[in-house]
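Subject: Structure handover and notes

Hello,

Here is the structure you asked to look at. My notes on it come after the display.

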Amino acid sequence: MGIIKTKNLVYNYIKRDEEEKIEEVSEAVKNVSLDIKEGEFVAILGHNGSGKSTLAKHMNALLLPTEGTIWIGGRDSLDEDNLWNIRQTAGMVFQNPDNQIIASVVEEDVGFGPENIGVPTDEIWKRVDECLKAVGMSAYRTHSPNRLSGGQKQRVAIAGVMAMEPKCIVLDEPTAMLDPNGRREVIRTVLELNEKKGITVILITHYMEEVIHADRIIVMDEGEIVMEGVPEEIFSRVEELKKYRLDVPQVTELAYELRKKGVPMRPCILTVEEFVTEIMDTYRKHSE
Ligand code: ADP
Ligand code: MG
């Protein structure tokens with residue numbers, strides 16, 4: 001069993017009236033089965049309302065299944081005795097960094113989590129050092145988080161989650177509120193955590209260019225997993241991606257159209273630079 005496994009997971013948001021009678025049922029996650037291995041970098045793509053956040057919130061037992069099961073580190077979230085362990089195994093990073101930063105000094109913020117669970121002081125400082133270094137924020141340790149850019153704040157939030165030493169980090173659209181620079185900083189940081197520290201990463205986003213380095217991509221639509229595969233494979237299925245209302249970058253689509261016409265092109269082209277390189281290569285090979 002992987003570090004996160006779900007079997008026929010269903011989650012319904014249920015709205016009740018004053019008499020507790022069911023007024024409305026919204027089926028946010030429908031019958032999702034997945035298995036994420038330790039050390040894997042899995043990206044979850046999907047249009048707004050496709051159920052990504054609902055699924056993510058099951059990964060550290062913020063929500064419990066309506067039907068089916070989720071195991072985190074092999075532990076069933078429906079068993080209350082597992083809650084502590086589950087929260088230790090999977091840390092969450094959310095969209096808005098402002099809601100995740102608590103302390104008025106960066107280093108205190110990062111140390112807050114471990115302090116809360118009774119980690120000894122020496123050990124806390126060691127973790128604060130390491131985690132700030134890992135996210136490239138050591139120079140800001142005595143700064144006030146208020147003065148940081150969005151990307152820097154989000155990296156501090158990630159360091160705070162890391163300081164709890166989870167085996168797995170779930171990031172729910174961590175770049176949605178950031179500018180392109182901030183987005184790049186955060187994605188680079190996440191990649192490093194995965195590659196250098198072996199932390200399992202589950203990255204939820206609707207930016208296709210952020211998932212190109214993932215080991216596996218899962219596409220959700222209307223509460224279901226509708227596509228699954230390595231990035232090369234997913235990105236070569238342009239028509240399907242568009243059907244699920246994902247924004248396929250124009251160059252990706254152009255490369256796809258050219259490939260259909262027989263021009264040799266990699267399917268994973270997401271930027272104009274990559275496109276130009278690819279065209280130049282083809283041209284060079286052709287004229288040799
Ligand atoms: P995503 O993160 O992909 O945008 P969500 O998991 O937030 O999707 O939402 C999935 C579905 O559940 C949507 O139809 C949404 O309207 C509904 N939903 C989300 N949160 C709530 C809530 N607190 N109460 C009722 N319905 C909700
Ligand atoms: Mg969401």
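The notes below go from the record and the sheets to the salt bridges, the surface and two loop residues.

Please keep in mind throughout that this is a predicted model.

**What the record says**

UniProt, in an unreviewed entry, places the feature "domain: ABC transporter" at residues 4-247. That annotation may be inferred rather than shown by experiment. Over residues 4-247 the chain is 33% helix and 28% strand. The C-alpha atoms at the two ends of that stretch are 28 Å apart.

**The open sheet**

Four strands form an open sheet in the order 2-1-4-5, and their pairing is antiparallel. Its edges are strand 2 (22-36) and strand 5 (75-76), each of which pairs on one side only. Strand 1, residues 4-16, runs antiparallel to strand 2, and 10 bridges connect the two. Within this sheet, Leu 9 stands opposite Val 32 of strand 2. As background, strands of a sheet pair through backbone hydrogen bonds, in either a parallel or an antiparallel sense.

**Strand 6 and strand 7**

Strand 6 covers residues 90-93 and pairs with strand 7. Here the sense is parallel, over four bridges. Met 92 has Val 170 of strand 7 opposite it.

In a regular strand, side chains alternate between the two faces of the sheet. Which residues of strand 6 fall on which side? Ala 90 and Met 92 are on one side, and Gly 91 and Val 93 are on the other. All four are buried, so both faces of the strand are covered.

**Salt bridges**

The structure holds 24 salt bridges. In general, side chains of opposite charge can pair when their charged atoms come close. Three pairs and one network are described here.

The Arg 183 and Glu 209 pair has its closest N and O atoms 3.0 Å apart. This pair links distant parts of the chain, with Glu 209 in the loop between strand 8 (200-205) and strand 9 (216-221) and Arg 183 in helix 6, 26 residues away. Helix 6 spans residues 180-197. Are the two partners buried or exposed? Arg 183 counts as buried because its relative accessibility is 15%, under the 20% cut-off. Glu 209 has a relative accessible area of 37%, so this residue is partly exposed. The two side chains are also listed as a polar contact at 3.0 Å.

Glu 253 and Lys 242 form another salt bridge, at 2.5 Å from N to O. Glu 253 belongs to helix 9 and Lys 242 to helix 8, so the bridge ties together parts 11 residues apart in sequence. Both partners are partly exposed: Glu 253 has a relative accessible area of 22%, and Lys 242 has a relative accessibility of 42%.

There is also a network, in which Glu 123, Lys 126, Arg 127 and Glu 165 are joined by salt bridges that share partners.

The remaining pair is Lys 21 with Glu 19, whose side chains meet at 3.9 Å, N to O. Lys 21 and Glu 19 are both exposed.

**A nonpolar patch on the surface**

Ile 14, Ile 22 and Val 25 make a nonpolar surface patch of about 250 Å². Val 25 lies in strand 2, which is an edge strand of the open sheet. This valine has a relative accessible area of 43%, so Val 25 is partly exposed. That value also passes the cut-off for a patch residue, which is over 30%.

**Two residues with positive phi**

Most residues other than glycine have a negative phi. Where are the two exceptions noted here, Glu 165 and Arg 245?

- Glu 165 has a positive phi, near 50°. Its place is the loop between helix 5 (150-162) and strand 7 (168-172). At 46% relative accessibility, Glu 165 is partly exposed. Glu 165 is also one of the residues in the salt-bridge network.
- Arg 245 has a positive phi of about 60° and is not a glycine either. This arginine is in the loop between helix 8 (238-243) and helix 9 (250-260). Arg 245 is partly exposed, at a relative accessible area of 41%. The two helices that flank this loop are those that hold Lys 242 and Glu 253.

Regards

How values were computed: Residues numbered from 1 in each chain as written. Chains lettered and ligands numbered in written order. Predicted model: local features only at pLDDT ≥ 70, side-chain atom pairs only at ≥ 80, totals over all residues. Heavy atoms only, no water. Buried < 20%, exposed > 50% of the residue type's maximum accessible area, 1.4 Å probe, protein only. Pairing = 2+ DSSP bridges. Patch = residues over 30% accessible without salt bridge, like charges linked within 9 Å, V, L, I, M, F, W, Y side chains within 5 Å. Areas by Shrake-Rupley, 256 points an atom, 1.4 Å probe, with all protein chains shown as cover. Salt bridge = Lys/Arg side-chain N within 4 Å of Asp/Glu carboxyl O. Polar contact = N/O pair within 3.5 Å; in protein donor to acceptor, adjacent residues only side chain to side chain.
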